[in-house]
Each structure stands twice: as C-alpha cells, then as structure tokens.
Amino acid sequence: MTTSANPSAKNSTWQALTAHRAELGDHHLNALFAADPARATRMQAEACGLFLDYSKNRVTADTLALMFQLAREAGLSERTTAMFDGARINTTERRAVLHTALRRPAGTSLTVDGQDLMTDILAVRERIRRFSEQVRVGSWLGYSGRPITDVVNIGIGGSDLGPLMVCEALKPYAHPGLRMHFVSNVDGVQIDDVLNTVNPQTTLFIVASKTFTTQETLTNAHTARSWLIDRAGDEAAVARHFVAVSTNAEAVSRFGIDTANMFGFWDWVGGRYSLWSAIGLPVVLQIGADRFDELLAGAHAMDEHFRTAPLERNLPAIMALLGIWNIDFLDAPTHVIAPYHQRLHRLPAYLQQLDMESNGKSVKLDGTPVGCHTSPVIWGEPGINGQHAYFQMLHQGTRFAPVDFIGVMERPAHLGHHHRVAFANMVAQAEALMRGKSATEVAAEMRAAGVVEERIDTLIPHRVFPGNRPSNTLLLERLDPFGLGTLIALYEHRTFVQGVVWGVNSFDQWGVELGKQLAARVLDDLAVATDANPHDASTAALIERYRQHTRQVAD
C-alpha cells in the first residue's frame, strides 16, 4: 500500500493532491510563514468556545482548497445529513447512528421510522436524574440503612473509557461525598484493589453492558456480587447495591438487580459514542444532572456548528482533512494528543478508541480495498510529562508525528504562575517543532557559551532540529462541562469526516470479534487436561504452560 494510492481511481482531486504534494516537496514551514505574514490569521477557526490554530501544518491555500473539494466529492454534506436524520449509515449492522440525538435539548423532536426518538431519550434522562438525585442527597440507602459514599462503575471499552475520562476532567464539579471508582481490567487486580478500598454497606455498583453478556464486565460484576453477599449475608442486598446500564432485562433480573433500576439505551448508540446515554450514569452521579445537561449542551452546540458551518470554517472538518493530508500525503503513521491540562490526562486513551476502532479499517463500505492509509496510531500523554519522555522522538526522530496541542485558557484563581508555565511550554513546543534549529544557530549558541571549535563540530549533528513538523493548537476557554462537551463532539465529528472521505464504515468494529471468539475457546481449554479446540503450535504451548503452572501451584 502506498501513501499516494487513490481511494477512487477516477477521483481527479485525489490525483491533484498527489501532484500538489510532489510540487510542495519539503518546503519548510519557516518559509511558508515568511512568505505570508497573514498566514496565522487566515489559518485559524473558532466556534463554541474552542479556538483552533492550524497554521503550523505543512499546507498552503491550494492544499486546503483541494482538501475541501475532496470532502465535497466524497459526499460529506449528504452523509452528514443522513447521520443526523437517522438513516442507517452503519450498513454492516443495519443501524442508524444517532449519538447526536442523545444531546438534543428538551422541546425538540426527531422522528425516525415514524417514532419521535426524543420521547424515549428524555424519559431515560429523567429516570437517571431522579435516581442520581436520590444517591446524591443520601436518600438511597444500602442494606444497613446507610447512604452511598462510593460508586464503582464496572464496564469496558466505551462503557469505561468515556465516563472515566469525563469524571477525571470534571473533578472540580464532583459531589464532595461521593468517590468514583472504575473497573475494566479482568485480571483481578483492579477489582481486588477497589473492593479492598470500599465499604460494602455504602457502595453502589453500576454494571454497564448493553447485552449483559460481556465476558470481562460480567466476570468483574460477579466477583463484586459475591463480595457483597459474603459481607451482607443476604442476596437481597444486591438490589440495593447494584444497578445496570443494559438492554437485557432478563439477564439483569437473574443477576439480582431490580429492573426498575436498569437504565437502557438503543442499538443506534455505539459503545465509543455512548457516554451521552445512560452509560454516562457515573458522570451524572458525580457532577449532577444539571451539570450533565451542560455537557450535553456543549456537544449539541458542536453538532450544530458541524452540521451548518461552511467547510472553510468548520472545526471538525478542518482537523479531519488536515489529518488525511498528513496520513495519506505526508506519510505520518501516528498522531499525538498532548493536552496541557492534567485533568485531561485520560483524553488520549479515550481518543484511541474513538479514532482507531472507528476508522481502523482496510475495506470500504462496498467491501472493496480502501486503497490508502486510514486511521493513524493515536497516542499521547499530558504534554508537560511528554516533554521529558516522547518529545525527543517528535523533535529529532526519523519519523514525524503530527501533534494536537490542547490548552485551557482559564487559569486557577490561585497558582496562576503554574498555569502560565504550562501554557508557555505548550506554545514553545509547537514553535520548536515548526522552527527547528539549524547548524548555524547551534554553532553560534555554542560559540557564545565558549565551547571550543573542535567540540562544536562534533556536537552540531546531535543538536540540530529539523523542524517542519506539523501541529494544531486547540484552546478551550475553560474546562467545564459545556467546554468538555464541545471538545469531545469535535473529535467525534473529526473521526466521522475522515471515515466519509476514506469511504469506510466508522461505526462498526468487527475487528474486535475474532479475539473474543478465540478467547472463549482458550478459556475452555485452560480448564481441562487436553485441548478440545484446535490451536496452532504456539498457542497450544502457551495453554499447556498455563496448565503446568496451575498444577504446580495446586501441588
């Protein structure tokens, strides 16, 4: 697969972009800024309290014009309308894609297949509001008559990453009497650590699984259930300490959860787009229903911007198309998320699932090969930490990685100097990636420091920075529920736009199924003396090694 491969052999715009890339060559960002004093002003966009500076990308006005044309030819406008209207754009699962409906405000309607979806959405939202208020004011009591002090969310994938990321980001708005815990890993360490921390009399468990069959989630949930019953001495305690976010009422009831405390959602809610649904129950418990409504309002504001703004001023579209340029024409295999705010430390992990599970595809909607690179590897950590870790590679490595620098403008009332230092570092790193440092500059610096000429000649190759490495700088006015909602929705729509241009289905995830199927077979074989299922030699040897270890421990 080559980076200039054409998703459509007849797509003249893709061909024009390939030719344009060859003409642009390795033209340095420094030269682009020098040639156009207004570049920074022209290459910025703003909406919903978010400001985007994309001038440090290796693009010209011609590049952008061609990319916008590519999006139009891919039918972005039509696909966007289809998504918002509830068409079944997830064709492999024959489902609509309506996470945007979940954040529509009360008083609006959305009719799909003759049914107003907002009636059901608002009904679930109101049930969550009532339940969360009982917990938050202390009127929901555990089996011993004590109010809840700890909430443990048991889920995996979108049922964990989204609520966890939001709860971490919005800790300043948290209820002072509730502690939030998240369990997703099935290795036993995480659930054991949490259970050793909480009190069974005052702990509420949320089991988040649409089908209530997810192996990892149910394994952890049954461990928590047994732990509670052992300490309460009565299975009836389960109904006071467990609630479910699911659609499988029968399985929920068998578990011992009162289905009156089951909060449902719909098949048109994909896991990685689900935090706006009942999956967001931990968030509502932490920050309250009113604040959760503000989160929804921020996302809805971005929905409206994305749906109505021209491409040239459309934040998600601009970021998506720049990403395609970097991936398919500049050959960037990865993309870095570098938030310069500690409360956004889980954002890179959240965006990993959003992007790579959505667009990590090699075939188009019609089943034919996609013909170009799709989703990059998404990675990152808070930027300040990254400066002392992976930024070495970003500045002087053999492969470049575009970076999204994410900053928050509002500074704390105290410790304002800390905020200023962090912001200065963020801006400086973006500048350094762009500018680089030439051999002449390196030599002049060392001579000014009194380094001898022989040593200067030796060190120059090690201290030169090539620069010309692209980045976006994205600024939030403040990290509050509304602002976080806009930021998350921005990246959702960015992912959607890229999927449309590449022609892939961004809303299925068949790639996760094979591992699940094989895990079930391996699990069966680990418990018996000989394999009941066929395996390759390596897998069979690993299974047998596990059996041997188990026998040795037993002996």
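Begin by selecting Cys372 in this predicted model. The residue counts as buried, at 1% relative accessibility. Select Cys48 next: this cysteine is partly exposed, with a relative accessible area of 23%. The count of disulfides in the model comes to 0.

**The open sheet**

Proceed to the sheet and colour its strands in the order β6-β5-β7-β8-β9. The sheet is open, has 5 strands and shows parallel pairing. Which strands stand at the edges? They are β6 (179–183) and β9 (262–263); each has a single partner strand, so one side of each is left without a neighbour in the sheet.

Now select β5, residues 150–154. Of its 5 residues, 5 are buried, so the strand is largely enclosed by the rest of the structure. In a regular strand, side chains alternate between the two faces of the sheet. On one side of β5 are Asp150, Val152 and Ile154, and on the other are Val151 and Asn153; with all of these buried, both faces are covered. Strand β5 runs parallel to β6, to which it is joined by 5 bridges. To view one position along this pairing, select Val152 together with His181, which stands opposite it in β6.

Move across to β7 (residues 203–208) and β8 (residues 242–245), which pair in the parallel sense over 4 bridges. Select Val207 and look for its bridge partner in β8, which is Ala244.

**Helices against the sheet**

Display helix α9, residues 215–232, which packs on the sheet and touches β5, β6, β7 and β8. The direction of α9 makes about 155° with that of β7. Then add helix α7, residues 158–169, which lies across β5, β6 and β7. Relative to β6, helix α7 runs at about 150°.

**Aromatic rings and charges**

Show the aromatic side chains next. Ring pairs link Phe205, Phe212, Trp227, Phe242 and Phe255 into a cluster. Keep Phe255 in view and add Arg225, whose charged end sits over the ring of Phe255 at 5.6 Å from its centre. A further arrangement of this kind involves Arg240: its charged end sits over the ring of Trp140, 4.1 Å from the ring centre.

How many aromatic pairs are counted in the model? The count comes to 16. One of them is formed by Trp325 and Phe329, whose ring centres are 5.4 Å apart and whose planes lie at 25°; the pair is stacked because planes under 30 degrees apart count as such. Both residues belong to helix α14 (residues 315–329), and since they are 4 residues apart there, about one helical turn separates them. Trp325 is buried, with a relative accessible area of 0%. Phe329 is likewise buried, with a relative accessible area of 5%.

Continue to Phe496 and Phe507, where the ring centres are 6.2 Å apart and the planes stand at 35°, so the pair is tilted. Phe496 lies in helix α21 (residues 481–502), whereas Phe507 is in the loop between α21 and α22 (513–526), so the pair ties together parts that are 11 residues apart in sequence. Both phenylalanines are buried.

**Last stop**

Finish in helix α18, residues 416–435, by selecting Val421. Its relative accessible area is 38%, and Val421 is therefore partly exposed. Add Asp355 and draw a line between the two C-alpha atoms: the residues are 31 Å apart in space and 66 residues apart in sequence.

Note on methods: Residues numbered from 1 in each chain as written. Predicted model: local features only at pLDDT ≥ 70, side-chain atom pairs only at ≥ 80, totals over all residues. Heavy atoms only, no water. Pairing = 2+ DSSP bridges. Helix = DSSP H or I, 4+ residues; strand = E, 2+ residues; numbered from the N terminus. Contact = heavy atoms within 4.5 Å. Axes fitted to C-alpha atoms, helices over the stretch in contact; angles between N-to-C directions. Phe/Tyr/Trp six-rings, centres within 6.5 Å; stacked < 30°, edge-to-face > 60°. Buried < 20%, exposed > 50% of the residue type's maximum accessible area, 1.4 Å probe, protein only. Lys NZ or Arg CZ within 6 Å of the ring centre and 35° of its normal. Disulfide = S-S within 2.5 Å.
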